[in-house]
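Biologist: Please take one small part of this model and go through it closely. After that, place it beside what is packed inside the protein.

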Amino acid sequence: MFSKLLLATDGSDHSHRAADKAIELAKLTGHSCIEIVYVVDVNKSKSDVLQYGDSSSVLKIREKMLSVFRDKFKKVGIFSKITILHGLPAETMIQYANENSFDCFILGSRGRSKVQTMILGKVSHKVMKHVNIPVLLVK
């Protein structure tokens, strides 16, 4: 049923709740794989370097954040894979989800951005409208 899952993450609390739901869904089949996708926002990547130092520091911060998710899945015996993409978050995730064979796309309802803290996050809303597979949106 749902054996190939796509989890979008930005490290936020909403992402962690989405990861917990992904675990619940993955356990239903017993042989699921969760692909963790993180999109480096091309509009923010320069400001990240300015805020955190050189690009290797930014890379280490991202790797640490993503390893928390990978370790969470490993702890419960679920295989996972990390994919880092570059582009505009919503558009990049939509394209990736639509071009690959996933059974379900799981994401949190809001990201970290203050602009996205409305009822439904800007990225979440776009994904819900344009992804061609079932989407589980987690509050």
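**Ser32 and the nonpolar cores**

Modeller: In this predicted model, Ser32 touches Phe2, Ser3, Ala26, Ile78 and Phe79, leaving out residues up to four places away in sequence. Ser32 sits in the loop between α1 (13-27) and β2 (33-41). Is Ser32 buried or exposed? Its relative accessibility is 8%, and buried means under 20%, so Ser32 counts as buried.

The side chain of Ser32 has two polar partners to look at. One is the backbone oxygen of Ala26, which the Ser32 side chain reaches at 3.2 Å. Another is the side chain of Thr29, joined to that of Ser32 by a polar contact of 2.5 Å.

Now the nonpolar cores. In soluble globular proteins, nonpolar side chains tend to be buried together. Here the largest nonpolar core has 21 residues. Those with the most contacts inside this core are Leu5, Leu7, Ile34, Phe69, Phe73 and Ile106. Two or more residues of the core come from each of β1 (4-8), α1, β2, α3 (55-75) and β4 (104-108). Which element gives the largest share? That is α1, with 6 residues. The two elements on either side of the Ser32 loop, α1 and β2, are thus both on the list of contributors.

Phe69 can be followed further: apart from neighbours within four places in sequence, Phe69 is in contact with Leu7, Thr9, Gly11, Ser15, His16, Ala19 and Ile36. There is also a second, separate core of 17 residues, and Val37, Ala97, Phe105 and Ile133 are among them.

Terms used:
Residues numbered from 1 in each chain as written. Predicted model: local features only at pLDDT ≥ 70, side-chain atom pairs only at ≥ 80, totals over all residues. Heavy atoms only, no water. Helix = DSSP H or I, 4+ residues; strand = E, 2+ residues; numbered from the N terminus. Buried < 20%, exposed > 50% of the residue type's maximum accessible area, 1.4 Å probe, protein only. Polar contact = N/O pair within 3.5 Å; in protein donor to acceptor, adjacent residues only side chain to side chain. Contact = heavy atoms within 4.5 Å. Core = buried A, V, L, I, M, F, W, Y, C linked by side-chain atoms within 4.5 Å.
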